[in-house]
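Here are my notes on the model, as numbered points. Please read them with the structure open.

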Amino acid sequence: MSDVKKFMYLNRRAPYGTIYAWESLEVVLIGAAFDQEVSLMFVDDGVSQLVKGSDTSESDMKNFTPTYRTLGDYGVRHMYVDKASLEARGLTQDDLIEVAWEDWETEEEVDNIVEILDSEEIAKKLEESDVVFSF
């Protein structure tokens, strides 16, 4: 029996104005550091967490969007975005940051691990997870 669990971090809230997005990112980094299989999912207003060019200069919050680009270095291999949530906000994949991933041992590389999924695929990914954390 494997000790590796499939953790899914479900992000439903906008990146700024509350602490949820930042706390989710911190928990993701901790889970990945303990060699668990970590995936992130962005639905509803959570899709805006991945929008390129976020500017927080006129708020009291630090722009933590660049941290998402490091997740591949922590072994995070999958980031999923709900297609309907993206379209409802007038966004496309071109509006989102890209996150690269590389396996240091096999030298396998993926240029962008951010995938757009429809509602059926989203439901399937949630069912396949051992643990789902909702932020």
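**Notes on the predicted model**

1. Tyrosine 16 counts as partly exposed, at 22% relative accessibility. That value falls just outside the buried class, because buried means under 20%. The model is a predicted one. Tyrosine 16 sits in the loop between β1 and α1.

2. Seven aromatic pairs are present in the structure. One of them joins tyrosine 16 to phenylalanine 64. The ring centres are 5.1 Å apart and the planes make an angle of 55 degrees, so the pair is tilted rather than edge-to-face, a class that needs over 60. The pair bridges distant parts of the chain: phenylalanine 64 belongs to the loop between β2 and α2, 48 residues from tyrosine 16.

3. Is phenylalanine 64 buried or exposed? Its relative accessibility is 4%, so phenylalanine 64 counts as buried. Phenylalanine 64 also pairs with tyrosine 68, with ring centres 6.2 Å apart and planes at 55 degrees, so this pair is tilted too. Tyrosine 68 is likewise buried.

4. Look at the wider ring network next. Ring pairs tie Tyr16, Trp22, Phe42, Phe64 and Tyr68 into a cluster.

5. Glutamine 49 deserves a look. It lies in the loop between β2 and α2. At 1% relative accessibility, glutamine 49 counts as buried. What does its side chain make a polar contact with? The partner is the side chain of tyrosine 68, at 2.6 Å. Beyond its neighbours within four places in sequence, glutamine 49 touches Asn11, Arg13, Ala14, Pro15, Ala21, Phe42, Thr65 and Tyr68. Two of these names, Phe42 and Tyr68, also appear in the ring cluster.

6. Helix α1 covers residues 20-33, which is 14 residues. From first C-alpha to last it reaches 20 Å, close to the 20 Å expected at 1.5 Å a residue. Its buried residues are Ala21, Ser24, Leu25, Val28, Gly31 and Ala32. They span an arc of only 125 degrees around the axis, so they fall on the same side of α1. An α-helix has 3.6 residues a turn, so residues three or four places apart point the same way.

7. What covers that buried side of α1? The cover includes β1 (6-11), β2 (37-42) and α2 (65-68). On the other side of α1, Ile30 and Ala33 are exposed.

8. Two arginines sit over rings. The charged end of arginine 13 lies 3.9 Å from the centre of the tyrosine 20 ring, over that ring. Arginine 77 is placed over the face of tryptophan 101, 4.0 Å from the ring centre.

9. Isoleucine 113 is in the loop between β5 and β6 (114-117). It counts as buried, at 2% relative accessibility. Setting aside its neighbours within four places in sequence, isoleucine 113 contacts Val76, Arg77, His78, Met79, Val99 and Trp101. Both Arg77 and Trp101 of the charge-over-ring arrangement are therefore on its contact list, contact being heavy atoms within 4.5 Å. Isoleucine 30 lies elsewhere: 19 Å from isoleucine 113, C-alpha to C-alpha, and 83 residues from it in sequence.

10. Threonine 70 lies in the loop between α2 and β3 (78-82). It is partly exposed, with a relative accessible area of 29%. A polar atom of its side chain lies 2.6 Å from the backbone oxygen of threonine 67. The C-alpha atoms of threonine 70 and tryptophan 101 are separated by 8.9 Å, and the two residues are 31 apart along the chain.

11. Please check the backbone at the positive phi values. Most residues other than glycine have a negative phi. Aspartate 35, just after α1, takes a positive phi of about 60 degrees. Aspartate 44 has a phi near 50 degrees. Its place is the loop between β2 and α2, and it is partly exposed at a relative accessible area of 30%.

12. Glutamate 107 also has a positive phi, near 65 degrees. It is in the loop between β4 (101-102) and β5 (109-110). Is glutamate 107 buried or exposed? At 59% relative accessibility, it counts as exposed.

Conventions
Residues are numbered from 1 along each chain as its sequence is written. This is a predicted model: local features need pLDDT of at least 70, side-chain atom pairs count only at pLDDT 80 or more; totals for chains, interfaces and linings use all residues. Side-chain values use heavy atoms; hydrogens and water are left out. Helices (H or I, at least four residues) and strands (E, at least two) are DSSP runs, numbered from the N terminus. The expected span of a helix is 1.5 Å times one less than its number of residues. Buried means under 20% relative accessible area, exposed over 50%, partly exposed in between (1.4 Å probe, protein chains only). The arc is that of the directions from the helix axis to the C-beta atoms. Rings of Phe, Tyr and Trp (its six-membered ring) pair if their centres lie within 6.5 Å; planes under 30 degrees apart count as stacked, over 60 as edge-to-face and the rest as tilted. A charge sits over a ring if NZ of Lys or CZ of Arg is within 6 Å of the ring centre and within 35 degrees of the ring normal. A polar contact is a pair of N or O atoms within 3.5 Å; within protein, one must be able to donate a hydrogen and the other to accept it, and residues adjacent in sequence count only if both atoms are side-chain atoms.
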